[in-house]
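Let's take a walk through this one together, starting where the chains meet and working out from there. Have the viewer open and follow along.

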There are 2 protein chains.
Amino acid sequence: MKKKVPQATVHRLSLYARYLGELEAQGEDYVSSERLGEGVGTNGAQVRKDLSFFDRFGIPGRGYPVSFLRKRLANILGVGDRVWRVAVVGAGRLGAALVGYSVFEKQSFHFVAILDNDPGKIGTRVNGLEVGDIRDLRGIVSSQNVEVAVITVPVHSAQQVADMLVEAGVRALLNFAPAKLDVSPHIVLRNVDLAVELEGLSFHLINS
Amino acid sequence: MKKKVPQATVHRLSLYARYLGELEAQGEDYVSSERLGEGVGTNGAQVRKDLSFFDRFGIPGRGYPVSFLRKRLANILGVGDRVWRVAVVGAGRLGAALVGYSVFEKQSFHFVAILDNDPGKIGTRVNGLEVGDIRDLRGIVSSQNVEVAVITVPVHSAQQVADMLVEAGVRALLNFAPAKLDVSPHIVLRNVDLAVELEGLSFHLINS
DNA sequence: CTATGTGAAGGCCTTCACAGCG
DNA sequence: CGCTGTGAAGGCCTTCACATAG
C-alpha cells in the first residue's frame with residue numbers, strides 16, 4: 001500500500017486473478033506466493049511485492065486465501081462488481097471476432113454496440129448485435145453509456161475514429177489499428193499491435 | 001553494436017520501420033532521431049540508443065537516410081527479404097479474422113494452413129484457405145515448412161496444441177489463448193492476452 | 001518453524017549531456 | 001554548426017534477504 005503501481009504489476013494482477021480462479025475451481029483454500037508465481041510464470045518475491053502495493057492479503061506461515069484474494073484483485077482491477085459498457089468500431093472480421101469472444105463477456109466487459117461506415121454492413125447482425133452507423137456514434141455512446149471502445153478500423157481512419165470517440169465521451173480505447181493515436185493524456189489508451197508481435201517473434205527466431 | 005538488445009527496443013524497431021515506410025511514401029530522404037521518435041511516441045535519445053545496438057546508420061548533421069534505414073530495420077527484424085510460413089490452429093472467429101488480416105500478408109508473414117478439430121469446419125474455406133484437420137498437423141507442418149504458428153483455440157486445449165506444434169518442429173508461437181503455456185526454452189513464445197489488456201484499461205479507469 | 005511483508009541491493013532500461021563527425 | 005553516437009547518471013522494476021507474524 002505504497003507508491004505508484006508499475007504497469008507490469010497491473011498486468012500480472014490479471015494473471016494472478018485468473019490463476020486464482022482456477023485454484024478456486026479446484027477447491028484450493030490457500031496458496032503460497034511461490035506457487036502463485038509459478039502459476040503465472042514469475043516467482044514468489046515478485047508476487048509478494050506486487051500485492052504489497054495494495055494491502056496485506058496473506059497469512060504468514062499459511063499463504064493467501066484463494067477465494068478472498070481473487071475477489072479483492074478483481075475489485076482492484078475494476079472487474080469485480082461493476083460492468084463496463086463497450087462499443088466496437090469497425091465491423092470487419094476482427095471486430096466481429098472480438099464481439100463474439102467469450103473471454104470478454106466472462107469478464108465484466110459487455111458489448112453494447114458495434115459500428116461501421118459500410119452501408120453493406122450496417123443493419124446486419126454480428127453475434128446478436130445489430131451493426132450501427134458510425135455517423136450515429138455520438139448518440140449511441142451517450143444513450144448507451146459507453147465508457148470503453150475497441151478500435152478495429154483500417155489504419156487510415158483510426159485517428160479520426162479515436163477523435164470521435166473521445167469527443168463523444170469515451171474514456172478508454174483499445175486500439176488494434178497499427179497507428180500511433182494522439183489522444184488527450186487523461187484518456188486511457190492501449191495498443192494491441194499484431195504486426196509488431198509477429199515481428200518480435202521473427203527477430204528472436206533470427207537471433208538465436 | 002554492443003550487448004543484449006532489450007525487448008522494448010525490439011518492439012520499437014517495428015514501430016520505427018513502419019513509420020519510416022510512411023516517410024518513404026511521402027518522399028522524405030532524411031529524418032532526424034527527434035522526428036523519428038516523435039513519430040512513434042518516444043524521443044530522439046531513445047531512438048539513437050536503440051539503433052546503436054546494431055550499427056551506425058546516421059549522418060551527423062543530417063539524420064538518417066529514410067529508405068536505407070527502413071530496409072536495414074526490416075532485415076534486422078527478419079521481415080526484409082525472407083517470408084515466414086505461418087499456420088493458424090483454431091478456425092473460430094478469431095483464427096479466421098487473423099488469416100484474413102491484411103497487415104500480416106503485407107509484412108512477410110504468409111499463412112499456409114488453418115487447422116481445426118471440428119468436423120463441421122474441416123473442409124470449409126476461410127479466406128481462400130481450406131480448413132485442415134488438426135490430426136494432420138504434424139504432416140502439414142513438415143510438408144508446408146511451417147516455422148511460426150498462431151494459437152486461437154479455447155484455453156483448455158491450448159497447451160496440448162502447443163505441445164503438438166513444438167513436437168512437429170514449429171519454432172515460434174503466437175498464443176491468443178488466455179493460458180500460460182509451458183514450452184521448451186528455445187521456442188519463441190509470445191502471448192496476446194485480450195482479457196489482460198482490457199483489465200489494464202479498467203484498472204487505469206478506476207485509478208484516475 | 002513456515003511463509004509473508006518489506007527495506008536494501010542489484011540490474012535493466014531510459015534520459016542526459018556532450019564529444020566528435022560531417 | 002547540427003545532429004549523431006555513446007559513456008555516465010538517473011529511475012524504475014525485480015530480486016534478495018531477513019525481521020516479523022501466525
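Start with the interface: chain A and chain B bury about 5,400 Å² between them, and carbon and sulfur atoms give 70% of that. On the chain A side, the residues that lose the most area to chain B are A:Leu198, A:Glu199 and A:Leu205, which together make up 13% of what that side buries. Keep in mind as you look that this is a predicted model.

In terms of residues, 58 from chain A are in contact with 58 from chain B. Polar contacts are part of the picture too, with 24 residue pairs joined that way between the two chains, counting pairs where both residues have pLDDT 80 or more. So which pieces of chain A do the touching? Going by elements that give two or more residues, you'll find the helices α1 (7-25), α2 (33-40), α4 (66-77), α5 (93-99), α6 (102-106) and α9 (194-206), along with the strands β8 (172-175) and β9 (188-191). Of these, α9(A) gives the most, with 13 residues. Sort that side of chain A by class and you get 35 nonpolar, 14 polar and nine charged residues.

Charged residues also pair up across the interface, where there are four salt bridges between chain A and chain B. Have a look at B:Arg18 and A:Asp193, whose side chains meet in a salt bridge at 2.7 Å, N to O.

Now for a residue with contacts in both chains. B:Ile76 sits in helix α4 (residues 66-77) of chain B. Is B:Ile76 buried or exposed? Its relative accessibility is 13%, and the cut-off for buried is under 20%, so B:Ile76 counts as buried. Setting aside residues up to four places away in sequence, B:Ile76 touches A:Phe203 and A:Asn207 from chain A, plus B:Leu13, B:Phe54 and B:Phe57 from chain B. Try the gap to B:Ser14 as well: B:Ile76 and B:Ser14 are 62 residues apart in sequence, but their C-alpha atoms are 9.8 Å apart in space.

From there, move on to the nonpolar core. The largest one has 113 residues, and those with the most contacts inside it are A:Leu51, A:Leu73 and A:Phe104, together with B:Leu51, B:Leu73 and B:Phe104. Pick B:Leu51 and see what surrounds it. Leaving out neighbours within four places in sequence, B:Leu51 is in contact with B:Leu13, B:Tyr16, B:Phe57, B:Tyr64, B:Leu69 and B:Leu73. B:Leu13 and B:Phe57 may ring a bell, as B:Ile76 touches both of them.

Next, salt bridges over the whole structure, of which there are 24 over all chains. One of them joins the side chains of A:Asp50 and A:Arg12, at 2.6 Å, N to O. This pair ties together distant parts of the chain, with A:Asp50 in helix α3 (residues 44-52) of chain A and A:Arg12 in helix α1 of chain A, 38 residues apart. Both A:Asp50 and A:Arg12 are buried.

Chain B has a long-range pair of its own in B:Arg70 and B:Glu24, a salt bridge whose closest N and O atoms are 2.3 Å apart. Here B:Arg70 lies in helix α4 of chain B and B:Glu24 in helix α1 (residues 7-25) of chain B, 46 residues apart. B:Arg70 is partly exposed, with a relative accessible area of 24%, and B:Glu24 is partly exposed too, at 26%.

For a pair between an exposed and a partly exposed residue, turn to A:Lys180 and A:Asp182, which form a salt bridge with the closest N and O atoms 3.1 Å apart. A:Lys180 is partly exposed at 37% relative accessible area, while A:Asp182 is exposed at 51%.

Finish with the backbone. A:Asn127 has a phi near 55 degrees, a positive value in a residue other than glycine. A:Asn127 is found in the loop between β5 (125-126) and β6 (129-133) of chain A and, at 46% relative accessibility, counts as partly exposed. Over in chain B, B:Asn127 also has a positive phi, of about 55 degrees, although it is not a glycine. B:Asn127 lies in the loop between β5 (125-126) and β6 (129-133) of chain B, and its 44% relative accessibility makes it partly exposed.

How values were computed:
Residues numbered from 1 in each chain as written. Chains lettered and ligands numbered in written order. Heavy atoms only, no water. Core = buried A, V, L, I, M, F, W, Y, C linked by side-chain atoms within 4.5 Å. Buried < 20%, exposed > 50% of the residue type's maximum accessible area, 1.4 Å probe, protein only. Contact = heavy atoms within 4.5 Å. Buried area = accessible area lost by both parts, 1.4 Å probe. Polar contact = N/O pair within 3.5 Å; in protein donor to acceptor, adjacent residues only side chain to side chain. Helix = DSSP H or I, 4+ residues; strand = E, 2+ residues; numbered from the N terminus. Nonpolar A, V, L, I, M, F, W, Y, C, P; charged D, E, K, R; others polar.
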